[in-house]
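Student: I'm new to this one. Could you take me through a close look at its aromatic rings?

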Amino acid sequence: MASHYEAPIRRPLVTGEKSYHDVSVDVAAPVEGKANKSWWIVFSIALIAFLWGIGCIIYTISTGIGTWGLNKTVGWAWDITNFVWWVGIGHAGTLISAVLLLFRQKWRMAINRSAEAMTIFSVVQAGLFPIIHMGRPWLGYWVLPIPNQFGSLWVNFNSPLLWDVFAISTYLSVSLVFWWTGLLPDFAMIRDRAVRPFQKKIYSLLSFGWSGRAKDWQRFEEVSLVLAGLATPLVLSVHTIVSFDFATSVIPGWHTTIFPPYFVAGAIFSGFAMVNTLLIIMRKVCNLEDYITVQHIELMNIVIMITGSIVGVAYITELFIAWYSGVEYEQYAFLNRATGPYAWAYWAMMTCNVFSPQFMWFKRLRTSIMFSFFISIVVNIGMWFERFVIIVTSLHRDYLPSSWSMFSPTFVDIGIFIGTIGFFFVLFLLYARTFPVIAQAEVKTILKSSGERYKKIREAGDSLVGTGADARTSGKTVAVEAPKVEVSESDKSEMTSSLLDSIGTFDPSTQTADDLKKISGVGPKMEEVLNSIGIYSFLQVSKMTKREYDLLDSITGSFPGRAERDDWSGQAKKLIN
């Protein structure tokens, strides 16, 4: 029976009975290998959308801001709606990673990297809209509190719009450092696996000299906790300040104290939905189904259900306060939202944000990948409509009926918005091909506590001692004791013949010997051993499978499992290409 001190094993967060080596290979595969068909399809669609958006931005700047659907009444229209939407999406990314780290939640390991990257790329998209909205973005330096050609031209520090600049830039800086800190062990892993000198040099620079010493890990954990503790209140403060853009005004529908918690809940709601969207796409595009499991999707759906319910309560509270206040202007603003010319947008918002998440009460639905993807898209659409309803319906009918008007976006408005969505996915897909999208070092720490393989061992009543490493190098196999076993010369000769029959022989008259030391794990001594066996070329090494690796281990009698663990065959194939 299992020992009394062994921790209970939870539902597998990593499926497929992975070893530590398997985790490294799977996580590094999207970076080291070639992009598959799914990646190219998604990237092509995103790139087309991005280029369309670039064209619309160039047309706007060259022609003037009048190409947008802005009018005198609805000055804050499509662009500020999109700005708040992107900022809201960006906030949940760092929050997911930081809060789950502080609460030691193991299921964050597979999703934190994508969530943090989503934050960076979302804030980049959000920053585009205020810059373009200036009308003359090349004069954007006027808003910086520095002396300029007009003398002492200073910004209004009492304006929430300026608070936005400081809050979002601070949040972006902390999120960027938090994201990069988490990437250091993964950059070092890619550096150590790199075959090409240029690739090794780049990842050496990116990893900041990470060596994997105990001191490195101690500092890594300390800095991660400090940044998580710093980022968590920042998430709450940033969207609170974004809500002040509206709440500090005297516009009916905006002037309400519920906006700060309401906006924070909405930001977490939309951010979790976008993370869910990205995870479902990435698990397919990067073949990470064993790491981003149905359990991860289900847990995300539970959070979406809870935050969606909070947002629904905020909507009801908003309506109640408008009625309870007795202010006819406030009452009309909310009545106009529900029954006026933009009622379709209001009810689309209610349907997407309040009703659709309630389907997640049913386990069968929240564990369905396709349904989860559909609901995450619906929620993102609904949260965009929420910002549209708040901004446009509150402005298009103000205190003066003579200034009432309807807002309609132009093709330029729509094109720029679609362009930012394309830009976001272009950045994310390129990131997935350059940086590891799974925190491999952290995933390895939970293999024993939540692995499918280890759960089976425990259920069988066996001990887990010696099962945390690769089967070829753990204490349970006899492979480690291979050097002590004497193999006769005749047996070695038979093994060598069998090995060369599988991988082919080397003909010095027609072939040129390769520098086998280029393969990671092959030094001058090992190269001599391989040459003595008859292995001289990358082509021979590239044909090795588990059978050939085992034969090689038996022949050489040293470093059992080294060739398979370092994936000599895969390295050789890359060197040939």
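Tutor: Sure, let's start with Tyr-262, which is buried at a relative accessible area of 3% (buried means under 20%, exposed over 50%, partly exposed in between, with a 1.4 Å probe and protein chains only). Keep in mind that this is a predicted model, where local features need pLDDT of at least 70, side-chain atom pairs count only at pLDDT 80 or more, and totals for chains, interfaces and linings use all residues. Residues are numbered from 1 along each chain as its sequence is written, and side-chain values use heavy atoms, leaving out hydrogens and water.

The structure holds 54 aromatic pairs; rings of Phe, Tyr and Trp (its six-membered ring) pair if their centres lie within 6.5 Å, with planes under 30 degrees apart counted as stacked, over 60 as edge-to-face and the rest as tilted. Take Phe-121 and Trp-179: their ring centres are 6.4 Å apart and their planes at 75°, so this pair is edge-to-face. Phe-121 belongs to helix H4 (residues 112-133) and Trp-179 to helix H5 (residues 160-193), so the pair ties together parts 58 residues apart in sequence. Helices (H or I, at least four residues) are DSSP runs, numbered from the N terminus. Phe-121 is buried at 9% relative accessibility, and Trp-179 is buried too, at 5%.

Back to Tyr-262: its ring and that of Phe-259 have centres 5.6 Å apart and planes at 70°, so they are edge-to-face. Both sit in helix H8 (residues 259-285), three residues apart, about one turn of the helix. Phe-259 is buried, at 0% relative accessibility.

Technical notes: Helices (H or I, at least four residues) and strands (E, at least two) are DSSP runs, numbered from the N terminus.
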